[in-house]
Amino acid sequence: MKNAEAIEKRRTFGIIAHPDAGKTTLTEKLLLFGGAIQTAGAVKNNKIKKSATSDFMEIEKQRGISVATSVMAFEYGGKQVNILDTPGHKDFAEDTYRTLTAVDSVILVIDCANGVEEQTEKLMEVCRMRKTPVIIFVNKMDREGKDSFTLLDELEEKLDIKVRPLTWPIGMGDRFKGVYNIYDENINLFQANKTKISTDIASISDINSTELDELVGEAPAAELREELEMIEGVYDAFDRDRYLSGEVAPVFFGSAVNNFGVKELLDTFIRISPSPIGRESDTRFIEPSDSKFSGFVFKIHANLDPKHRDRIAFLRIVSGKFERNTFYQHVRLDKKFKFPNPTSFMAQDKSVIDEAFPGDVIGLYDTGNFKIGDTLTEGEKMMFKGIPSFSPEIFQELENLDPMKSKQLEKGIRQLTDEGVAQMFVQQPGNRKIVGTVGQLQFEVIAHRLEHEYGASCRFVPKNYFKACWITTENPEQLNQFLQAKTGNIAKDKDDNFVFLAETPFLLQMAERDYPDLTFHKTSEFKLEV
Ligand code: G4P
């Protein structure tokens with residue numbers, strides 16, 4: 001296949017949601033419509049239930065399942081759709097943020113009763129930062145929820161993005177009759193059905209004809225006409241360019257569990273969503289059409305089988321064509337590697353591939369050479385930007401409980417942090433290791449994995465830091481003053497960058513005020529901006 005043809009065909013995206021909004025259900029239904037699975041229920045629920053914070057079997061299971069379902073690819077309407085899975089549990093949010101660097105667009109699932117929730121806002125912030133095009137799917141319309149106009153206002157306000165409905169619900173809960181497809185001007189009548197795909201789409205040539213009254217009843221028809229008029233009055237016409245630049249989010253309504261509204265979503269998605277887009281590197285912007293291969297690692301899964309220390313590095317292809325058994329340049333290590341068994345993922349099947357194109361995600365077996373953010377090229381010395389570390393929210397000091405096993409502990413914590421399970425900051429004197437995560441669960445995972453995979457035992461001692469801020473400046477003198485004044489709060493990240501561990505927002509503000517020439521960054525993205 002030619003590169004241009006392959007690029008045009010691909011649609012690589014992620015589904016994000018606050019836990020329980022219906023991400024797993026929608027993913028499954030998209031696979032069902034895409035023909036990648038035959039019956040509902042085939043995709044395992046890949047989330048750790050809230051109650052299971054200590055259930056390590058669940059964690060192990062989650063790791064296994066999330067590799068199998070890390071990328072789900074299927075063909076639909078002449079396009080190759082690649083869905084990148086993101087962990088549902090909020091303690092794995094950092095993993096989700098990184099996965100978002102590998103997608104070209106996003107579908108955000110909202111529960112119509114809960115509206116915008118905490119995790120929704122955080123995920124959206126990452127999308128906004130990267131100007132990722134977002135489509136919103138308002139789910140669970142078979143239940144009573146917020147009024148649709150109120151919900152749209154809430155989306156605009158809390159997510160700081162303009163919205164544009166492309167379908168519109170007729171009633172909700174017990175009165176839910178279906179959705180009107182504004183984009184295609186037809187109507188899909190609701191039938192509760194959890195396993196079958198509904199295809200009863202009635203075309204309506206004129207919304208004012210009595211046809212509509214016959215289909216949904218007089219009162220709902222009148223209400224729909226009035227609401228559609230309001231929509232046209234209030235919202236600008238859908239403009240694909242504004243969607244592609246991340247300014248406007250088209251909104252769809254449906255009920256994923258009932259397979260409802262999903263086809264409209266998918267049909268429109270493949271028409272409006274972007275084909276693979278390029279990525280900025282430290283030297284230039286790399287277009288997908290660039291003839292030379294390049295890609296970056298955004299996720300690593302290690303030690304799936306504790307007996308074999310195998311790791312899989314997930315590589316997003318940015319440009320050119322990746323070929324099996326071909327030497328590529330690992331830019332950070334300045335070394336050439338070839339890959340005899342690159343893997344692609346089709347729903348739950350893994351298979352070895354010979355070639356892959358921009359937008360594709362492949363798994364590379366790795367013996368410890370990759371870190372998150374690594375770039376592979378055909379020889380060019382450039383690194384992709386924008387795989388930031390975010391400031392963790394919980395900090396604990398790692399203490400070794402078995403001095404005989406300090407080597408194992410050192411190796412284990414290095415590998416786990418390479419994998420992105422947590423971030424590590426080293427404080428002097430004494431090489432003290434402060435581990436930072438976004439969730440408490442991570443510490444349990446780390447302690448468990450250090451013990452089972454590396455034979456090391458440790459303890460975590462809570463630290464009351466509130467943020468880790470990367471420091472940059474053009475005034476080395478002021479930096480030195482700061483480092484001396486704040487010794488107890490200074491650490492280095494794994495790339496030797498200085499980090500200020502601030503105990504409270506107030507102390508951070510004070511530092512910003514007292515040292516005006518220093519910039520305190522809450523993500524490590526700046527490293528790649530220079
Ligand atoms: P998540 O991945 O975003 O965390 O959510 P998930 O799909 O697991 O869905 C969370 C719950 O919401 C599930 O119920 C699911 O069945 C339900 N759900 C999803 N879509 C709809 C919908 O359109 N309408 C209604 N009424 N419910 C929906 P659960 O009780 O947690 O699990 P289960 O036993 O039903 O699987």
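## The ligand shell and residue T12

In this predicted model, 17 residues surround the ligand, and the closest are D20, K23, T24, T25 and S255; a residue is near a molecule if one of its heavy atoms lies within 4 Å of it. By class, the shell comprises four nonpolar, seven polar and six charged residues. Here Ala, Val, Leu, Ile, Met, Phe, Trp, Tyr, Cys and Pro count as nonpolar, Asp, Glu, Lys and Arg as charged, and the others, Gly among them, as polar. Helix α2 (residues 23-33) supplies the largest share of this shell, three residues; helices are DSSP runs (H or I, at least four residues) numbered from the N terminus.

The table lists polar contacts, that is, pairs of N or O atoms within 3.5 Å.

| Residue (side chain) | Ligand atom | Distance |
|---|---|---|
| T25 | oxygen | 2.5 Å |
| D142 | nitrogen | 2.8 Å |
| R143 | nitrogen | 3.2 Å |

Taken alone, the ligand exposes 710 Å², of which the protein buries 70%; accessible areas come from the Shrake-Rupley method with a 1.4 Å probe.

T12 lies in strand β1 (residues 10-17), strands being DSSP runs of E with at least two residues. T12 counts as buried because its relative accessibility is 1%, the cut-off for buried being under 20% relative accessible area (1.4 Å probe, protein chains only). Leaving aside residues up to four places away in sequence, T12 touches N82, L84, A102, V103, D104, S105, R316 and G359, where contact means heavy atoms within 4.5 Å.

Residues are numbered from 1 along each chain as its sequence is written, and side-chain values use heavy atoms, with hydrogens and water left out. Local features need pLDDT of at least 70 and side-chain atom pairs count only at pLDDT 80 or more, whereas totals for chains, interfaces and linings use all residues.

Note on methods: Polar contact = N/O pair within 3.5 Å; in protein donor to acceptor, adjacent residues only side chain to side chain. Buried < 20%, exposed > 50% of the residue type's maximum accessible area, 1.4 Å probe, protein only.
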